Amino acid sequence: MKLIIKNGTIITAEKSFRSDLLIEDEKITHIEGNITIDNIESIDASGKYIIPGGVDVHTHLDMPMGKIKSRDDFESGTRAAAFGGTTTIIDYATQSRGMKVQIALDEWRKKAAGKSFIDYGFHMIIIETGKTLNEDIAELIQEGVTSFKLFMAYPGTLMVEDEIIFKVLESTKKFGGLVCLHAEDGNEIDSLVRQAVTNGNLSPMYHALTRPPKTEADAVRRAVNLADRADASLYIVHVSSAEALDEIKRGQDNNVKVYGETCPQYLFLSIDDIERKNFEGAKYVFTPPVRENHHQKALWDGIKSNVLQVVATDHCPFNFNTDKRLGRERFDKIPNGGPGIENRLHLLYEYGVNAGIISLNQWIEKSCTNPARIFGLYPQKGTIEVGSDADIVIWDPEMEHIISSTTHHMNVDYNLYEGYKIRGQAITVLSRGNYLVKNGLWVGDTRAGKYLKRYFYG
Ligand SMILES: [Zn+2]
């Protein structure tokens, strides 16, 4: 198909400029001041921004947790993502105990195939390694899985020892991959949780109080040292505190190749939310936890100064009225995770760009371009260039709306940002030139999302 988008203002990580744009066969083929071709469809985007589709590199769709699953699968989750202007995700495939990572990858590819509306890649969560570690890593990289997540938290289930982290860092360095780390000191947290439970401190708030910023900062410091020793690249997921941010900055200042990601929940929510009455605080239980308010300013500063390169969501939705109630009696039984895949661009636009904290270009850089670059999808994704996939969002900077679980498209019964007023909306969304959203209405009739084989960007 062919399509011209006329008179819009194109926004990339580097610049903003008025131009027309031609899409042919799923790609952007021309970006020129004035494109006129007879007999092909043309959209007038006067007064609108033309932005690359968002790239969310931290999602957990259709993810089992104990006896339940995250509520969005690849169908509902990617539909909600598209409504919010996100057209690429990298989801976390997860190894189970005793399972080869190649089998885990097959499982996740089956979950997505024929269901996803947008293109998707996978990271692999490694929870145990054997003699075949190097072969496994090399094989997955061949398959286009170039990033590997390890946990320093959750002893007994997901946590691995530092020695394993070091081995995986060495292996990824050798074969061209990137280690993603969940950095929280699992042993320290476990002992704080046991103390709280023994003392009868069982309400949701104790989820935050038993995971203080120091436990995050200590883990980041250990991780940065390991990456330094292995001379390998490292990506810290969901940075939530000023102290953890300082450790990342210290690493970067010492030439360690460490990237940082944060998420909207750490920029907008705080301890005040997890203290809400009538068990409502359980909605805000995810890890790392919400922090005191002053951390938000530090994280925004980290975004502006480029200590943090990426804003992703860690989308992992559980229903408040059913799933979260599993922890009614004890905070440590509340399923960890919250929804966000639909609202990332909205929130960063309203409270970043409209508030004058970041520029339009930084908005695109943190939510589209940098994630595509770091995870080996650039310039296919994350930018608007001749040759890039035609993943295009037409953004109306004036359209006002209010975020609410009654109107959102995520398959979950609450929204972390209920009632937030936003000026700015994705009104038309294209995935490889095919309409998913047209003038605010869903028109995506084919689940045509493709698996993305990624290369490594070092
Ligand atoms: Zn996560």
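# Legends to close-up views of a predicted zinc-bound protein model

**Figure 1. Overall fold of the protein.** The secondary structure of the protein consists of 13 helices and 19 strands, where helices (H or I, at least four residues) and strands (E, at least two) are DSSP runs numbered from the N terminus. The radius of gyration is 21 Å, close to the 23 Å that the globule rule gives for 458 residues, so the protein is as compact as a globular protein of that length. That radius is taken over C-alpha atoms, and the rule is 2.2 Å times the number of residues to the power 0.38. The C-alpha trace spans about 75 × 50 × 40 Å along its principal axes. This is a predicted model, in which local features need pLDDT of at least 70 and side-chain atom pairs count only at pLDDT 80 or more, while totals for chains, interfaces and linings use all residues. Residues are numbered from 1 along each chain as its sequence is written, and side-chain values use heavy atoms, with hydrogens and water left out.

**Figure 2. Interior, surface and charge of the protein.** Of the 458 residues, 62% are buried; buried means under 20% relative accessible area, exposed over 50%, and partly exposed in between (1.4 Å probe, protein chains only). Contacts, defined by heavy atoms within 4.5 Å, often link remote parts of the sequence: among those between residues at least 6 apart, 76% join residues at least 24 apart. The protein exposes about 17,300 Å², of which carbon and sulfur atoms supply 48%. Accessible areas come from the Shrake-Rupley method with a 1.4 Å probe, and for residues only the protein chains shown count as cover. The mean positions of the 53 positive and 62 negative charges are 2 Å apart. Lys and Arg count as positive and Asp and Glu as negative, with His and the chain ends not counted; each charge is placed at NZ of Lys, CZ of Arg, CG of Asp or CD of Glu.

**Figure 3. The zinc site.** His58 (NE2), His60 (NE2) and Asp314 (OD) are the protein donors of the zinc ion, at 2.1 to 2.2 Å from it. Their spacing in sequence is H-x1-H-x253-D. Distant parts of the chain are linked here: His58 belongs to strand S6 (residues 54-59), whereas Asp314, 256 residues apart from it, sits in the loop between strand S15 (310-311) and helix H12 (344-354). Donors are N, O and S atoms within 2.8 Å of the metal (3.2 Å for Na, K and Ca); water is not among the atoms, so sites may look incomplete. His58 is buried, at 0% relative accessibility, and Asp314 is also buried, with a relative accessible area of 11%. The phi angle of Asp314 is near 55 degrees, a positive value in a residue other than glycine.

**Figure 4. Backbone geometry at His238, Pro288 and Pro379.** Most residues other than glycine have a negative phi, and most peptide bonds are trans. His238 has a positive phi, near 30 degrees. This residue lies in the loop between strand S13 (234-236) and helix H8 (242-253), and its relative accessibility of 2% makes it buried. Thr287 and Pro288 are joined by a cis peptide bond with omega of about -15 degrees; Pro288 is in the loop between helix H10 (271-274) and helix H11 (294-304). A cis peptide bond also joins Tyr378 and Pro379, with omega of about 5 degrees. Pro379 falls in the loop between helix H13 (360-374) and strand S16 (392-402).

**Figure 5. Surroundings of Leu169.** Leu169 is part of helix H4 (residues 162-175) and is buried at 0% relative accessibility. Not counting residues up to four places away in sequence, Leu169 touches Val179, Leu226, Ala227, Ala230, Ala232, Ser233 and Leu234. Ala232 is 63 residues from Leu169 in sequence, yet their C-alpha atoms are 5.8 Å apart.

**Figure 6. Two loop residues, Ala13 and Arg328.** Ala13 is in the loop between strand S1 (2-11) and strand S2 (16-24), and counts as buried at 16% relative accessibility. Beyond its neighbours within four places in sequence, Ala13 is in contact with Asn361, Ile364, Glu365 and Thr369. The C-alpha atoms of Ala13 and Pro52 are separated by 9.6 Å, with their positions 39 residues apart along the chain. Arg328 is located in the loop between S15 and H12 and is partly exposed, at 42% relative accessibility. From the C-alpha atom of Arg328 to that of Thr172, 156 residues apart along the chain, the separation is 41 Å.
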